[in-house]
Structure formats: structure tokens, C-alpha cells
Protein chains: 2
Amino acid sequence: MPKVRPAPTRPPRPKPSRPWAEIGPVATVAERAAEALREKILGGAFEPGEFIRQDDVARGLGVSRMPVREALMILTNEGFVTRVPRRGFQIPDRPVRALVDLYPILTVLERHAGKASLSELTPADLAHLQRTNTAMHQAVRAAEAARTLGLNLEFHRILASRCGNARLVELLEQLGREVLQLEFWSFANPTHRAIADQEHDGIIAALLRRDFAEALRRMEANRLLAYDAFRKQFEEPPAPRPRRAAKRK
Amino acid sequence: MPKVRPAPTRPPRPKPSRPWAEIGPVATVAERAAEALREKILGGAFEPGEFIRQDDVARGLGVSRMPVREALMILTNEGFVTRVPRRGFQIPDRPVRALVDLYPILTVLERHAGKASLSELTPADLAHLQRTNTAMHQAVRAAEAARTLGLNLEFHRILASRCGNARLVELLEQLGREVLQLEFWSFANPTHRAIADQEHDGIIAALLRRDFAEALRRMEANRLLAYDAFRKQFEEPPAPRPRRAAKRK
DNA sequence: CGTCTGGATCCTGGATCCAAAAAGAGGAGA
DNA sequence: TCTCCTCTTTTTGGATCCAGGATCCAGACG
């Protein structure tokens with residue numbers, strides 16, 4: 001008989017015996033599934049508006065459907081998919097609107113973080129920034145999508161890292177991830193990436209001169225540039241429903 | 001034999017025959033569980049740092065453990081709980097730090113949204129605002145916690161609703177929910193609530209005069225007030241680990 | 001010939017079951 | 001008597017199974 005537990009709460013960890021505690025990636029299967037799905041999505045395995053079949057993913061990963069479900073919920077938080085109550089999880093089908101909404105949010109938050117953070121960056125941070133930048137140059141040339149995205153995130157995360165607000169850094173990373181992913185779908189053209197690269201160089205140069213105002217301007221210009229290029233390209237989605245050819249047997 | 005599916009993607013909804021589509025709350029069990037858990041958490045059924053036992057909740061709701069798991073993931077997105085990989089979901093145990101981080105984010109985003117939204121509010125919006133405000137007055141007097149929180153969210157949501165950025169409204173609501181919940185835990189004292197109420201009246205008055213700058217100032221003052229009151233009260237958490245009495249047999 | 005309705009099929013959501021891991025308790029040794 | 005180790009219990013994480021519902025296709029009717 002499972003005797004009723006006398007204390008409503010567990011004593012708050014009297015022993016610090018937690019040899020795991022954030023040490024290694026004891027990654028649960030769901031997290032690994034989320035990682036794999038993220039890669040697949042970024043790799044273009046799905047197209048906007050498509051619903052993700054859970055057991056297809058499960059079979060593909062060699063696991064059951066449950067960790068896939070959890071992974072999809074994780075990806076929902078990260079903005080990679082959206083949930084429709086009895087239909088499942090689908091790739092967002094209106095990336096245009098989402099991007100137009102996201103840019104101003106990211107701009108204002110990045111400015112706020114940058115004001116506090118840029119002047120506090122240590123020489124080690126700057127070195128890290130430069131390493132990340134050169135690595136990203138290589139990734140761009142090699143056309144490694146996921147790697148480029150990760151390095152771009154890293155770059156911006158370093159820029160904001162010293163703002164003294166952990167939650168803000170976290171939020172910026174989450175929104176930045178969404179933006180990069182959406183940009184990735186919208187225009188996978190390399191010219192845009194090259195432009196972003198140039199801007200990154202400019203930011204680093206300004207930081208090395210300790211010209212923080214200029215660095216901040218460059219950061220905003222970086223976003224604004226992408227925003228404009230984007231709106232120019234997708235001023236209005238031409239076909240409301242592209243009427244893709246039906247599956248042929 | 002489940003014959004291999006010939007087309008990798010389902011034809012993208014050729015028929016718009018979706019009689020459900022956001023009509024009624026076809027709420028899945030997990031969503032209802034999330035709602036119930038939210039109420040319980042706000043009601044103080046758990047204390048900061050406590051881990052939530054999944055099958056306790058499941059038994060309490062008369063459902064299996066799986067929708068509870070999904071509900072907990074939903075609540076994780078909303079910031080009500082945090083996840084520890086092999087331990088479960090716990091009530092965040094450092095609300096102080098979280099609040100100090102959240103206030104500036106919410107302030108800067110609210111200012112951005114308010115600049116665009118306040119001048120676009122319709123008379124109907126203002127009426128809605130006033131109705132919400134009076135309802136919240138009543139809820140405060142009746143000490144109905146969850147209701148007060150919901151109405152407060154509604155109030156701020158209306159203020160930002162015309163900013164033309166759906167994602168921003170959504171983000172503000174999410175962060176605002178976190179802040180209100182954390183405030184609720186930190187100081188459940190009614191004086192603070194009363195002060196917030198006063199500020200709401202001031203915001204409405206300024207809006208009726210179409211003095212948007214003043215309304216914006218009032219909005220920021222609203223947050224700043226709570227921020228200061230909060231920091232004054234919890235300047236430094238006195239006991240790092242309150243050393244709760246162990247359960248007695 | 002187009003449209004609507006009915007049934008078959010597939011997929012998601014929920015329940016139940018099993019394994020693994022962490023916490024808790026008790027005993028042995030210093 | 002205190003500490004460390006081991007064994008038990010509890011709880012989470014994952015797998016499998018079942019039911020409800022949505023889509024899709026075919027046939028009937030206008």
C-alpha cells in the first residue's frame with residue numbers, strides 16, 4: 001500500500017549529492033529529438049504550412065512517438081513550429097508576417113541590451129567575438145546553414161552578454177533564433193548573408209575603437225538592412241495559395 | 001501492411017472545411033490541466049523551489065499523467081515552472097532575480113508598444129479599458145487573486161493592442177503574466193495592488209484627454225513603482241536557504 | 001456535371017505499462 | 001557517535017495501446 005506521504009513537500013535538497021547537476025549533456029531523448037528536428041527543419045526538410053507527422057519523425061529517429069511530442073512542444077516554444085489543437089504541429093506558414101513583427105521587437109531589445117553591455121565587454125569577449133566572426137565567415141563560404149545560424153546567434157549573444165540581465169540575454173537569443181530561421185527560409189540567397197557579415201566586421205571595428213555609439217548604430221543598421229531587404233523582396237506575397245501540384249501516384 | 005506514403009507532404013488544405021478553427025474552446029485535456037495548474041500555482045498550493053509531483057496532479061484532476069506532462073510543458077513556456085532534466089518540474093525558486101530581470105524588459109517593450117498604440121485606441125477600446133478597470137477594482141476588493149491577475153493582464157493588453165504588431169502584443173502578455181505571478185508570490189500585500197489601481201485610473205484619465213505622452217509616463221511609472229517597492233522589500237534575500245523544518249514522522 | 005453526404009482511413013491525444021534514475025533510509029565500519 | 005555505503009522506494013521518462021476526430025474519397029442526388 002502506498003502509504004500517504006506525511007509531508008506535503010520534499011525537504012529542499014539537504015544533501016548536495018547531485019553528481020549530474022548541469023555538468024554534462026545528460027540530454028534526455030526528447031532533447032536530442034528536438035535537436036535533430038531543428039536541424040531537419042533548418043535543412044529545409046519541411047515546407048511552410050506543412051504538418052509534421054509524429055510517427056514519421058519517430059521512426060526516422062528510432063524512438064517512440066512520445067519524446068517526439070515533447071520535442072515538438074520544445075520547438076513550439078522556440079518558434080520553430082506552431083500547434084493546432086487537434087491537427088498537430090505545423091511549420092509556420094506566414095513567415096513574412098512573423099518577420100515583420102519580430103524585427104522591431106528585436107531592434108528595441110537589442111538597443112536596450114547593447115547600451116548596457118557594449119561598454120562592459122572584456123578583451124576576452126572581444127577576442128571571442130572575433131573568433132566567432134571568422135568562424136562564421138568560413139561557415140558562410142562553406143554554405144553550412146545550421147552552423148552559420150549558430151555562429152550568428154553566438155555573435156549577437158556575446159554582444160548582449162554583459163548587459164547584466166540574464167533573462168534579456170535569453171530572450172534575445174530565443175527571438176534571434178526565430179528571426180534567423182525565418183530569414184533562412186525566406187531568402188536563402190547569399191548576398192544578404194554577405195552583407196550581414198560586413199556589418200559584423202564593422203561592429204567589431206567600432207568596438208575595438210571603443211566607439212560604442214557607432215557599434216550600436218551598426219547593430220541597428222544590421223537589423224534594418226535585413227528588414228528592408230526582406231520587405232523589398234516580399235512586398236506582398238504574390239499568390240495567396242500557390243496551388244502546388246497535387247501528389248501524383 | 002501500412003503501405004509507404006507516396007507523397008512526402010499532405011496537399012496543403014485544398015478545402016477550407018475547418019468548422020472548428022478557433023471557434024469554441026475545444027480545449028484539449030492538457031490545456032484544461034494547464035489552466036487548473038495555473039490556478040493552483042497562483043493560489044499558493046506550491047511554494048518556491050518545490051518540485052511538482054506529476055501523478056499527484058493527475059490524480060487530483062482525474063486524468064492520466066500524460067496530459068499533466070504536456071500541461072507542465074505549457075506552463076514552462078509561460079514561466080510558471082522550470083524544468084530540471086531528470087528531476088521534473090519545479091516552481092522557480094529565485095523569483096527575486098527573475099523579477100529584477102523582467103522589469104526592464106517589460107518597460108522598454110511597453111514603451112515601444114505604447115508609442116504606437118495609445119494614439120490609435122478607439123472609443124470602444126477606451127470603454128473596454130474602463131470596464132476592465134472597474135472590474136479589477138472589484139476583484140481587488142474581493143481579493144480574488146486569479147481574477148485580478150487576469151484583469152490586469154487584460155488592461156495592459158488593451159493598451160498595447162493597437163500597436164500593429166501581433167507578436168509584440170503576445171510577447172507582452174506572456175512577460176506580463178510572468179511578472180504578475182512573481183509579484184503575486186513576492187508581496188501579496190494589498191497596498192501595492194491599490195497603488196497599481198491608482199495608476200490605472202491615471203492612465204485612463206490621460207487617455208481620455210488624449211494626452212498620450214502623459215499616459216505613457218503613467219504606464220512607465222506603474223512599472224517603476226512596482227520595481228522600487230519590490231527592491232526595497234527584498235533588497236537582499238536574508239537567508240540563502242531558509243532551512244525549512246524537516247518533515248516529522 | 002457539380003455538390004453534398006456518408007463511410008473508410010489515418011493521425012493525434014490520452015491511458016496504461018515498463019525501465020531507469022534519483023532520493024531516502026538503514027546498517028556497517030571507523 | 002558520525003560518516004559512508006548500499007538497498008529500497010518513489011518518481012520521472014519512454015514505449016505501447018486505444019479511442020476520438022479530422023481528412024479524404026466515393027457515390028448519390030440535384
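1. The expected span of a helix is 1.5 Å times one less than its number of residues. In this predicted model, helix H6 of chain B, residues 145–160, has 16 residues and should therefore span 22 Å, and the distance of 23 Å between its end C-alpha atoms agrees with that expectation. Helix H3 of chain A, residues 65–77, can be checked in the same manner: its 13 residues reach 19 Å from the first C-alpha to the last, which is close to the 18 Å expected at 1.5 Å a residue.

2. Which residues of H6(B) are buried? They are Thr148(B), Leu149(B), Leu151(B), Asn152(B), Phe155(B), His156(B), Leu159(B) and Ala160(B). When reading such a list, it helps to recall that an α-helix has 3.6 residues a turn, so residues three or four places apart point the same way.

3. Phe155(B), which lies in helix H6 of chain B, may serve as a worked case. A residue is buried if 20 or more other C-beta atoms lie within 10 Å of its own, and because Phe155(B) has 21 C-beta neighbours inside 10 Å, it counts as buried. Leaving aside neighbours within four places in sequence, Phe155(B) is in contact with Leu129(B), Thr132(B), Asn133(B), Met136(B) and His200(B). The C-alpha atoms of Phe155(B) and Arg131(B) are separated by 9.4 Å, with their positions 24 residues apart along the chain.

4. Leu224(B), found in helix H9 of chain B, residues 212–233, can be set beside that case. Leu224(B) has 14 C-beta neighbours inside 10 Å and therefore counts as partly exposed. Its C-alpha atom is separated by 19 Å from that of Leu171(B), a residue 53 places away along the chain.

5. Chain A as a whole contains 9 helices and 3 strands, and from the N terminus on its elements run α-β-α-α-β-β-α-α-α-α-α-α. Of the 249 residues in chain A, 27% count as buried. Among the contacts in chain A between residues at least 6 apart in sequence, 71% join residues at least 24 apart.

6. What do the buried residues of H3(A) pack against? The buried residues themselves are Val68(A), Arg69(A), Ala71(A), Leu72(A), Met73(A), Ile74(A) and Leu75(A), and they pack against helix H1, strand E1, helix H2 and strand E3 of chain A, together with H3 of chain B. H3(A) is followed by Gly79(A), whose phi is positive, near 85°.

7. In chain B, the axes of helix H1, residues 29–42, and helix H3, residues 65–77, come within 8 Å and cross at roughly 60°. That angle makes H1(B) oblique to H3(B), and the crossing of the two helices is right-handed. Residues of H1(B), including Val29(B), Ala33(B) and Leu37(B), meet residues of H3(B), including Pro67(B), Ala71(B) and Ile74(B).

8. The largest nonpolar core has 59 residues, and those with the most contacts inside it are Leu102(A), Leu168(A), Leu172(A), Leu102(B), Leu168(B) and Leu172(B). A second, separate core has 31 residues, among them Leu37(A), Phe80(A), Ile74(B) and Leu75(B). Returning to Leu102(B), and not counting residues up to four places away in sequence, this residue touches Arg167(A), Leu175(B), Glu178(B) and Val179(B).

Note on methods
Residues numbered from 1 in each chain as written. Chains lettered and ligands numbered in written order. Predicted model: local features only at pLDDT ≥ 70, side-chain atom pairs only at ≥ 80, totals over all residues. Helix = DSSP H or I, 4+ residues; strand = E, 2+ residues; numbered from the N terminus. Buried ≥ 20, exposed ≤ 12 C-beta atoms within 10 Å, placed from the backbone. Core = buried A, V, L, I, M, F, W, Y, C linked by C-beta atoms within 7 Å. Contact = placed C-beta atoms within 7 Å. Axes fitted to C-alpha atoms, helices over the stretch in contact; angles between N-to-C directions. Parallel < 35°, antiparallel > 145°, perpendicular 65-115°, else oblique. Left-handed = near helix turned anticlockwise from the far one by under 90°.
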